[in-house]
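Please walk through the fold shown here, starting from its interior and moving on to its charged pairs and its backbone.

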Amino acid sequence: MSKLLIGNAPCSWGTLEFENIGEQRMEYTTMLDELAETGYVGTELGDWGFLPTEPETLAAALNRRGLALTGAFVPVALKYPSCHEAGIAAAVRTAYLLAETAQRTGQTVAPFLVLADDNGREAVRTQNAGRITPEMGLSAEEWRIFAQGANQIAHAVYAETHLRTVFHHHCAGYIETHAEIERLLALTDPALVGLVFDTGHYAYGNQGCRGILNALDQFAGRIWYVHFKDCNEAVLRQALDNGWDYFTTIRHGIFCELGQGCVNFPAVKQWLERHNYSGFITVEQDVLPGMGTPKESAARNRAYLQSIGL
């Protein structure tokens, strides 16, 4: 098996894709410094405009710290046909930045375009994150439109940049439950659209960690990229019992430090080894702006992964 590389992401420092969620985020230079100082060798892009959007400037910032660029999260409201054209444009713009930056860093692992629904946009999905029922999902026609948009974006990204697209299942969006992941994969082109499997979002969206290994087995052929995120099961139980919305649950720390929640990371590591997974694992501990102690958490997360052989 090729050596696994461990990255992190701006969301672990409170830089999330949602609007109107709190304090001013930190300077990108501070985030990159802390990410590198705590032992990671790659970063995702984060929100467009958080890191530099000129390839030369971004590559220089990464090269100074010995970092690779692992991917970029692009949310698109794929349910709505009117959003597809702008979604393609945003994805291609982002993919060009990824590809041109990666060329300048000289990294051997290509970054991914991480496509997702425009999470947090739909009130019912946001209010009921972790408690989604089939009635809250897409209609047959909406599924067709959603998958068509994902295929078109992935095709455009590959045609323009030769980068691959992975879809991010995510709470507070339309692809959250196991059944929704399953259906999206069935409706999208396996040559174009892979899956970034996020352990924490899977646990949150499916009411616990019990199904993670079975899900990895079922989706194995489509898993091109992995996010390591833990899930505090006590917070999840509170969220389910009290009907918390997505942001309230995040504020209560559902995505805890690695090894403190219910995800069996040694078993996930063994699964990755058995399936010859190579490239980056990206650690994410989603926090809202101003929450927690990101550098200290990042250091403890890296130490935990070292303790299990990563």
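**Charged pairs and the core around them**

Glu-142 is partly exposed, with a relative accessibility of 22%. In this predicted model, the side chain of Glu-142 forms a salt bridge with Lys-79, and the closest N and O atoms of the two are 3.9 Å apart. The pair connects distant parts of the chain, since Glu-142 belongs to helix H5 while Lys-79 lies in the loop between strand S3 (68–75) and helix H3 (84–105), 63 residues apart. Lys-79 has a relative accessible area of 15% and is therefore counted as buried, because the limit for that class is under 20%.

A search of the whole structure gives 13 salt bridges, and a second one joins the side chains of Glu-233 and Arg-210, at 3.7 Å from N to O. Here too distant parts of the chain are linked, with Glu-233 in helix H9 (residues 233–242) and Arg-210 in the loop between helix H7 (199–205) and helix H8 (212–218), 23 residues apart. Glu-233 is partly exposed, at 29% relative accessible area, whereas Arg-210 is exposed, at 63%.

A third salt bridge is formed by Lys-229 and Glu-284, whose closest N and O atoms are 3.1 Å apart. Lys-229 sits in the loop between strand S7 (223–228) and H9, and Glu-284 in the loop between strand S8 (279–283) and helix H12 (294–307), so that this pair links parts of the chain 55 residues apart. Both Lys-229 and Glu-284 are buried, and they are linked with Asp-198 and Asp-286 in a network of salt bridges. As a general matter, side chains of opposite charge can pair when their charged atoms come close.

From these charged groups the path leads to the nonpolar interior. The largest nonpolar core has 96 residues, and those with the most contacts inside it are Phe-197, Ile-212, Phe-228, Tyr-246 and Leu-305. Helix H5 (residues 140–161) gives the most to this core, with 6 residues. Beyond its neighbours within four places in sequence, Phe-228 is in contact with a set of residues that includes Leu-258, Phe-265, Val-268, Leu-272, Ile-281 and Leu-305, and also Thr-199, Thr-282 and Glu-284.

Glu-284 appears again in the surroundings of Asn-8, a residue that it touches. Asn-8 lies in the loop between strand S1 (4–7) and helix H1 (28–37), and Asn-8 is buried, with a relative accessible area of 0%. The side chain of Asn-8 is joined to that of Ser-12 by a polar contact of 2.7 Å. Leaving out residues up to four places away in sequence, Asn-8 also touches, among others, Trp-13, Leu-35, Tyr-40, Thr-282, Val-283 and Ala-298.

Two backbone positions deserve a separate look. Most residues other than glycine have a negative phi. His-162, however, has a positive phi near 65°; this residue is in the loop between H5 and strand S5 (165–168), and His-162 is exposed, with a relative accessible area of 57%. Gln-207, which is likewise not a glycine, has a positive phi of about 60°. Gln-207 is found in the loop between H7 and H8, and Gln-207 is partly exposed, at 35% relative accessible area.

Conventions. Residues are numbered from 1 along each chain as its sequence is written. This is a predicted model: local features need pLDDT of at least 70, side-chain atom pairs count only at pLDDT 80 or more; totals for chains, interfaces and linings use all residues. Side-chain values use heavy atoms; hydrogens and water are left out. A nonpolar core is a set of buried Ala, Val, Leu, Ile, Met, Phe, Trp, Tyr and Cys residues joined through side-chain atoms within 4.5 Å. Buried means under 20% relative accessible area, exposed over 50%, partly exposed in between (1.4 Å probe, protein chains only). Helices (H or I, at least four residues) and strands (E, at least two) are DSSP runs, numbered from the N terminus. Contact means heavy atoms within 4.5 Å. A polar contact is a pair of N or O atoms within 3.5 Å; within protein, one must be able to donate a hydrogen and the other to accept it, and residues adjacent in sequence count only if both atoms are side-chain atoms. A salt bridge is a side-chain nitrogen of Lys or Arg within 4 Å of a carboxyl oxygen of Asp or Glu.
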